[in-house]
Amino acid sequence: MNLYATKKTAAEGMLDIALFLANITHMKTVIEQGAGYRYYAAVLTLISFSLALQIVAGVLIIIIARRDLNVVSNQKRLDYLNNVTTGIIFATTVINFFVSFFGSKRTGFFRWLLARLHF
């Protein structure tokens, strides 16, 4: 049971890191587009909030992974922390849905690239 929980927590942490890096890349793209972008403030706020939630989730994942699930006194606390972490990750997913919905302004790079490659 403890090995399963540790592997699950580690996998959850790796997915959190991947989403964190994707959000940083998206934030960089939005910042490069500048304040002229229609949803600039909204997208930056949502990405910032998502990054903050991901940091909190990452810290909770580390705390959960370092505790021993086999100790009876830890089980109730770890169950609670696991539920909180799952809720935070769900909230992060919903926020990232809205970030994707607002998207980023099209730069025309893909059309420029296709024109250069003669497609």
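Which residues of α3 are buried? I started my notebook with that one, and the list I got is Asn74, Leu78, Leu81, Thr85, Ile88, Thr92, Ile95, Asn96 and Val99. Before going on, a reminder to myself: this is a predicted model.

**Entry: the whole chain**

I stepped back to look at the overall layout. The secondary structure comes to 4 helices and 0 strands, and reading along the sequence gives the pattern α-α-α-α. The chain has 119 residues, and 27% of them count as buried. I also looked up the accessible surface, which comes to about 8500 Å². Carbon and sulfur atoms account for 69% of that surface. Then I checked how far along the sequence the contacts reach. Taking contacts between residues at least 6 apart in sequence, 73% join residues at least 24 apart.

**Entry: helix lengths**

How far apart are the end C-alpha atoms of helix α2? I found 39 Å for this helix, residues 40-66. With 27 residues at 1.5 Å a residue, the span should be 39 Å, so the two agree.

I did the same for α3, which covers residues 72-102. Its 31 residues should span 45 Å at 1.5 Å a residue, and the end C-alpha atoms are 46 Å apart, which agrees.

**Entry: what the record says**

I looked at the UniProt entry, which is unreviewed; it lists residues 37-64 and 84-103 under "transmembrane region". I checked the listed stretch 37-64 against the model. The span is 89% helix and 0% strand, and its end C-alpha atoms lie 40 Å apart.

**Entry: inside α2**

Next I listed the buried residues of α2: Val43, Leu44, Ile47, Ser50, Leu51, Leu53, Gln54, Ala57, Gly58, Leu60, Ile61 and Ile64. I picked Gln54 to follow up. Is Gln54 buried or exposed? Its relative accessible area is 2%, and the cut-off for buried is under 20%, so Gln54 counts as buried.

What is Gln54 in contact with, leaving aside neighbours within four places in sequence? I got Asp16, Leu19, Phe20, Asn23, Thr92 and Asn96. Two residues on that list, Thr92 and Asn96, turn up again among the buried residues of α3.

I also looked at Thr93, which has its place in helix α3. Thr93 counts as partly exposed, at 47% relative accessibility. The C-alpha atoms of Thr93 and Gln54 are separated by 10.0 Å, with their positions 39 residues apart along the chain.

Ala65 is another residue of helix α2. At a relative accessible area of 38%, Ala65 is partly exposed. I noted that Ala65 and Ala10 are 55 residues apart in sequence, yet 7.6 Å apart in space, C-alpha to C-alpha.

**Entry: Leu81 and its partners**

Back to α3, where Leu81 lies. Leu81 has a relative accessible area of 15%, so it is buried. Apart from neighbours within four places in sequence, Leu81 is in contact with Leu60, Ile63 and Ile64. Leu60 and Ile64 are among the buried residues of α2. For Ile63 I also looked up the spacing: its C-alpha atom is separated from that of Leu81 by 8.7 Å, and the two are 18 residues apart along the chain.

**Entry: a look at α1**

Helix α1 runs over residues 2-33. Ile17 lies in this helix. Is Ile17 buried or exposed? Its relative accessible area is 52%, and the cut-off for exposed is over 50%, so Ile17 is exposed. I looked for a reference point in α2 and took Gly58, one of the buried residues there. The C-alpha atoms of Ile17 and Gly58 are separated by 8.1 Å, while along the chain they are 41 residues apart.

How many salt bridges does a search of the whole structure find? The search finds 1. The side chains of Glu32 and Lys28 meet in a salt bridge, 4.0 Å from N to O. Both lie in helix α1, 4 residues apart, about one turn of the helix. I checked their surroundings too, and both Glu32 and Lys28 are exposed.

**Entry: the surface of α3**

Last lookup: which residues form a nonpolar patch on the surface? I found Phe90, Val94, Phe97, Phe98 and Phe101, with about 570 Å² of accessible area together. Phe101 is found in helix α3, and with a relative accessible area of 63%, Phe101 is exposed.

Methods: Residues numbered from 1 in each chain as written. Predicted model: local features only at pLDDT ≥ 70, side-chain atom pairs only at ≥ 80, totals over all residues. Heavy atoms only, no water. Expected span 1.5 Å × (residues − 1). Buried < 20%, exposed > 50% of the residue type's maximum accessible area, 1.4 Å probe, protein only. UniProt positions renumbered as here; feature names shortened; annotations may be inferred. Patch = residues over 30% accessible without salt bridge, like charges linked within 9 Å, V, L, I, M, F, W, Y side chains within 5 Å. Areas by Shrake-Rupley, 256 points an atom, 1.4 Å probe, with all protein chains shown as cover. Contact = heavy atoms within 4.5 Å.
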